[in-house]
Amino acid sequence: MENNLDLQNKQNDYLSPDIENRILELLKDWEQTNGFIQRDIKLAHLAKALGFNRKYISYVINKNLNKSFPNYINDLRLSFIENMIGEFEPNSKLNLTSLAKLAGFSSYFKFAHYIKKTYDMNPTYYFSRKR
């Protein structure tokens, strides 16, 4: 019978450090292409694009970025919007619904829900603090 330490050691050896680092490099490259703005992006799509299986990609994201795949994607989308907002004039009016869709959120509701869940504030207030 295995104890918790044995299970932990097996989990640590799930992927070699070389493979983990390669996946992290590929994720950074993928982020630079803004692949996350695809509305229907799924873990399986990303895994196929990177040439690894879903379990490996999920494992690396969870272990190294401390987040789930959906939160990883939504954080990238939110950062994308923040960067876009930074390019607007300070007093310009923002259409958050359009920005959310540009960033890949399927709806304003999902976008607003993610901000509310993550930061406990509505999108308008969240972004007014970022300007």
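Start by selecting R77. Leaving aside residues up to four places away in sequence, R77 touches F36, Q38, R39, I41, A103, G104 and F105. You are looking at a predicted model. R77 sits in helix α5, which covers residues 69–86. Now look for a charged partner. Which side chain of opposite charge is nearest to R77? It is D40, 7.1 Å away. R77 is buried, yet it has no salt bridge.

**Zoom out**

Show the whole chain as a cartoon. The protein has eight helices and zero strands. From the N terminus on, the order reads α-α-α-α-α-α-α-α. Of the 131 residues, 33% are buried. Turn on the surface next. About 8,800 Å² is exposed, and carbon and sulfur atoms supply 49% of that area. Contacts reach along the chain too. Among those between residues at least 6 apart in sequence, 60% join residues at least 24 apart.

**Into the core**

Select L27, W30, Y72, F111 and F127. The largest nonpolar core has 36 residues, and these five touch the most other members. Helices α2, α3, α4, α5, α6, α7 and α8 each supply at least two residues of this core. Which helix gives the most? It is α5, with nine residues.

Stay with W30 and show what surrounds this residue. Not counting residues up to four places away in sequence, W30 touches G35, F36, I41, L46, L50, Y72, I73 and L76. F36 and I41 also appear among the residues that R77 touches.

**Along α3**

Select α3, residues 43–50. Colour L43, L46, A47 and L50: these residues of α3 are buried. Look down the helix axis. The buried residues fall within an arc of 100°, so they line one face of α3. An α-helix has 3.6 residues a turn, so residues three or four places apart point the same way.

What covers that face? The cover over the buried residues of α3 includes α2, α4 and α5. Rotate to the other side of α3, where K48 and A49 are exposed. Then step off the end of the helix. G51 follows α3, and its phi is positive, near 85°.

**Last stop: E20**

Select E20, in helix α2, residues 17–32. Is E20 buried or exposed? E20 is buried, because its relative accessible area is 6%, and buried means under 20%. Show its contacts to finish. Beyond residues up to four places away in sequence, E20 touches L15, Y59, V60, K63 and N64.

Methods. Residues are numbered from 1 along each chain as its sequence is written. This is a predicted model: local features need pLDDT of at least 70, side-chain atom pairs count only at pLDDT 80 or more; totals for chains, interfaces and linings use all residues. Side-chain values use heavy atoms; hydrogens and water are left out. Helices (H or I, at least four residues) and strands (E, at least two) are DSSP runs, numbered from the N terminus. Buried means under 20% relative accessible area, exposed over 50%, partly exposed in between (1.4 Å probe, protein chains only). Contact means heavy atoms within 4.5 Å. Accessible areas come from the Shrake-Rupley method with a 1.4 Å probe; for residues, only the protein chains shown count as cover. Lys and Arg count as positive and Asp and Glu as negative; His and the chain ends are not counted. A salt bridge is a side-chain nitrogen of Lys or Arg within 4 Å of a carboxyl oxygen of Asp or Glu. A nonpolar core is a set of buried Ala, Val, Leu, Ile, Met, Phe, Trp, Tyr and Cys residues joined through side-chain atoms within 4.5 Å. The arc is that of the directions from the helix axis to the C-beta atoms.
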